[in-house]
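Please look through the model shown here with an eye to the empty space enclosed within it. The paragraphs that follow take up its cavities in turn.

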Amino acid sequence: MKKFLLLSALLAAGCCGMQAQDQKPVEESQASEIEQLRSEVNALRSEKEADDQKNLYKHIFGRQKTFKIGMAFNDFKPKDGEKVSANYGFMMGLTKTYFVHPNPIGGFVKFGIEATWFDITYINYKDFGKVGLGDYGGMIDNNDPDEDLEYDLDLGMHQIDLGMGVGVSATFAPFYRHSNALNELKFKAYVNFMPTYSMVLRSDKNEEGDDEVKFSGAFVPYFTCGAQPSWKVLSLFVEGRWGSANYKFTSFDDGPSEKVSCSNSGVRFGIGLSF
C-alpha cells in the first residue's frame, strides 16, 4: 500500500511538471505576438502622423505661385540733372517660389528660390497728352490762311519696364501648430535681381525752345527687396527697387542723340492671388 501511494505521488508530480513545461512556451509565444502587434500599431501610428504632418505642410506652403497687381512710384534721376518724380504708376507680375527643402525648418520656416516669370511696370511722370499753343497761342488767327499755326506738343514723360528675375526668399508660418485657418497665415521676405528692359518716352526742349519727342531704351539691372504677408489665396506686398543704366535718347525730329546715365529708385505695393 505504501508503494502504491508513493508511485501515485511520483506520477502526479511528473504530470504537473510536464504541464508547467507545456504552458511556458505558450505564454512566450503569446507575449511575442502581442509585442509584434504593438510594434505594428506603433508603426502605423507613426506613418499616419507623418502623412498628417506632410499634408499639413502642403496645406500651408502649397501655394507657391503669386500673381501681383498694384501701384508703382519711381524717381528718375539723370546724373547731372534734376530728379523727376512720378505722378502715378501701375505694375503686375507673376512669381513662383521653389523651396529648396521639403520640410520646413522647425516646422514653420522654408527657404526658397524666387523666379519672376514676368514683371511689367508703367510710370507716368507728367500729364499725358497735354497739347498747348505755346506763348503765342492766343495771338494766332485761325481764320488767316497766311498765318502759320505754331504749337508745342508736350507728351510728358512715360516709362515702361519689362523684366524677369531670380532671387531668394524665406517664408514663415508662425501659427502652423494651430488646427484652424490661422495656420495658413504666412509672411515672406525676399530679395530679387531683375534684369529689365526700360523704355522712356519724353518731351524735351530743343535749342530753339520747342518741344521735341525723344525715346530711349536701356537694360537696367534692378534689385528689389520686399515683404509679402498672405492668408489662403490672398496676399499683400510692398517692395522697394533700385537700378541705374545709360539711356540713349533719340529724337523723332532728327535731332541729335544724347547718352545720359540715369538712376531709378521707387516703391511698389499692391495685392496678389496665390495658387
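**Enclosed space in the model**

About 60 Å³ of space lies in the second largest cavity of this predicted model, and the structure holds two cavities of 30 Å³ or more. The lining of the second largest cavity consists of Lys 68, Met 91, Gly 93, Leu 94, Thr 95, Thr 116, Asp 119, Tyr 190, Asn 192, Met 194, Glu 239 and Arg 268. Two or more of these residues come from each of strand 3, strand 4 (109–124) and strand 8, and strand 3 gives the most, with four residues. In chemical character, the lining of the second largest cavity divides into four nonpolar, four polar and four charged residues, with Gly counted among the polar ones.

The largest cavity, for its part, has a volume of about 150 Å³. Its lining comprises 14 residues, of which Arg 63, Thr 171, Lys 186, Lys 188 and Ser 230 are the closest to the centre of the cavity. Where in the fold does this lining come from? At least two of its residues are supplied by each of helix 1 (2–61), strand 3 (88–99), strand 8 (185–205) and strand 9 (211–231). The residues that line the largest cavity divide into three nonpolar, seven polar and four charged.

Taking the two linings together, strand 3 and strand 8 supply at least two residues to that of the largest cavity, and they also give two or more residues to that of the second largest cavity.

Methods:
Residues are numbered from 1 along each chain as its sequence is written. This is a predicted model: local features need pLDDT of at least 70, side-chain atom pairs count only at pLDDT 80 or more; totals for chains, interfaces and linings use all residues. Side-chain values use heavy atoms; hydrogens and water are left out. On a 1 Å grid over the protein atoms alone, a cavity is a set of points where a 1.4 Å probe fits but cannot get out, and a pocket is an open set with protein on both sides within 12 Å along at least five of seven lines; lining residues have an atom within 4 Å of a point. Grid points are joined across faces, edges and corners, and a volume is the space filled by probe spheres set on the points.
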